[in-house]
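Work through the following exercises with the sequence and the structure open beside you. Try each task before reading its solution.

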Amino acid sequence: MITIINGYILENNKLVQKNIKINEDKIIEISNNLDVEGEIIDALGGFIMNGATDVHVHLREPGFTHKETVKSGTMAALKGGVTTCLAMPNLNPTPDSLEHLEVELESIRKDALVHVYPYGAVTVGQKGQTMSDVDALVNKVCAFTDDGVGVNNIEVLIEVMKLAKKHDFVIASHAEDLVNSKLPEGEYVAVRREIELAKEIGCKYHFCHMSTKESFEAIRLAHEQGYTNITCEVSPHHLILNETMIKDGNWKMNPPLRSEENRIETVKALLDGTAIMIASDHAPHSESEKSQEYDKCPNGILGIETMLPIVYTHIIKPGLATLSDFVNWFVTNPNKVFGLKERKIAIGENADLTILDINNKRKYTKEEIVSLSKNSPYIGMEFYGFPIATIVDGKLLYKTGGNNE
């Protein structure tokens, strides 16, 4: 039994103080007058919400456990208020067959502290040449992607899109045209091309980490034309950082940080509903890898521990959007698009919860990072909204010592 006291939940778009009682894995009571029983969690005036779903997480296991493991990555998720992760397939072996997927699933079953659902790879080895064993994988994975590389073999992409339509699964695209690669055109040329294919075939198609004005314009137009099966996410770094801020390898990712104009357009796309969710693109790399010259070090930054505080601090607290929007971006929409269970704070619902300290600002430090890697551009920045407790399946798995720890 767990009782959460002194916290606020969202009711009819307003914060309302409520105490919550949890027994086993379910919420059994929500009231101001409940009997306090079992383990007591003092929310300290914080915001109680369903744990976030992060649809874009690199857990690195199997194959790259010097960067991250399932255990360390899901510990980072807990610290970030994330209770569901969709795990990217750039692994060794790549989950392009049942045999290879099983290696990943074994690690997940053994060590995951939150709900983890793996993606299947679109192509064998993510090499863009031969389609993975999609028919065998379709009931074992959350969706398909070759994230990290764009699928530029159009014949193979069309073949997988047709299977996506047949089996009703999502393809998540790392849209990147080979000709322009890291330039803004590299993204939006691929987005425009893939939108036309998705419209023609009628499959569910999701664009990862969008970052350019032209990409958003193309997706916005598709929505206006009625193609609501075409969706996209944005990442916190493209919402608050731009290319003039780059300092070292810990600021290098793909898509790269863009111009201030594109950053503003990314915020606009989130606020007008063109982008309907936020995902961290949590991409750990070792310090030795990231301390190389900028051009030589790998792409990717940490994101899962800071995703909720960044968006609360820069989007919600200034009044650009509401807490209802916040919950939609991090819980409702990702679960809906990827066919996961709906989450609500209600009696009888599964107790996957996080409590955010929205009243106090504190500095993010390198020492507090629980990811195996430390490649974050946010070290030294101050944010509101860090989680003070995270509950998964009714179990308290993360708790700080206080609201400023």
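**Exercise 1. Determine how the axes of helix 6 and helix 8 are arranged, and which residues bring the two helices into contact.**

Solution. Begin with the axes in this predicted model: those of helix 6 (residues 213–224) and helix 8 (residues 260–271) come within 9 Å and cross at roughly 25 degrees. Because angles under 35 degrees count as roughly parallel, helix 6 is roughly parallel to helix 8. Next, look at the residues that meet: helix 6 contributes Lys213, Glu214, Phe216 and Arg220, while helix 8 contributes Glu261, Asn262, Glu265, Thr266, Lys268 and Ala269. Finally, sort the residues of this contact by character, which gives 2 nonpolar, 2 polar and 6 charged.

**Exercise 2. Describe the open sheet that has the strand order 6-7-8, and find what lies across strand 7 and strand 8.**

Solution. First establish the pairing: the sheet is formed by 3 strands, and their pairing is parallel. Then find the edges, which are strand 6 (52–57) and strand 8 (115–118), since each of these pairs on one side only. On average, neighbouring strands of this sheet are turned by 20 degrees against each other, with direction ignored. Now follow one pairing in detail: strand 6 and strand 7 (residues 82–87) run parallel and are joined by 4 bridges, and Thr53 has Thr84 in strand 7 as its bridge partner. As a last step, turn to helix 2 (residues 98–111), which lies across strand 7 and strand 8 and runs at about 175 degrees to strand 8.

**Exercise 3. Decide whether helix 10 is largely enclosed or not, and relate helix 10 to the largest nonpolar core.**

Solution. Start by counting the buried residues of helix 10 (residues 307–316): 9 of the 10 are buried, so this helix is largely enclosed by the rest of the structure. The buried residues are Met307, Leu308, Pro309, Ile310, Val311, Tyr312, Thr313, Ile315 and Ile316. Then consider the largest nonpolar core, which has 88 residues, and in which Met161, Phe169, Phe207, Ile278, Phe326, Trp329 and Phe330 have the most contacts. Helix 10 supplies the largest share of this core, namely 7 residues. To see one part of the packing, take Ile278, which touches Val234, Pro236, Leu239, Leu270, Met307, Val311, Trp329 and Phe330, when residues up to four places away in sequence are not counted. Lastly, notice a second, separate core of 16 residues, which includes Ile30, Ile41, Ile48 and Ile355.

Terms used
Residues numbered from 1 in each chain as written. Predicted model: local features only at pLDDT ≥ 70, side-chain atom pairs only at ≥ 80, totals over all residues. Heavy atoms only, no water. Axes fitted to C-alpha atoms, helices over the stretch in contact; angles between N-to-C directions. Parallel < 35°, antiparallel > 145°, perpendicular 65-115°, else oblique. Contact = heavy atoms within 4.5 Å. Nonpolar A, V, L, I, M, F, W, Y, C, P; charged D, E, K, R; others polar. Pairing = 2+ DSSP bridges. Buried < 20%, exposed > 50% of the residue type's maximum accessible area, 1.4 Å probe, protein only. Core = buried A, V, L, I, M, F, W, Y, C linked by side-chain atoms within 4.5 Å.
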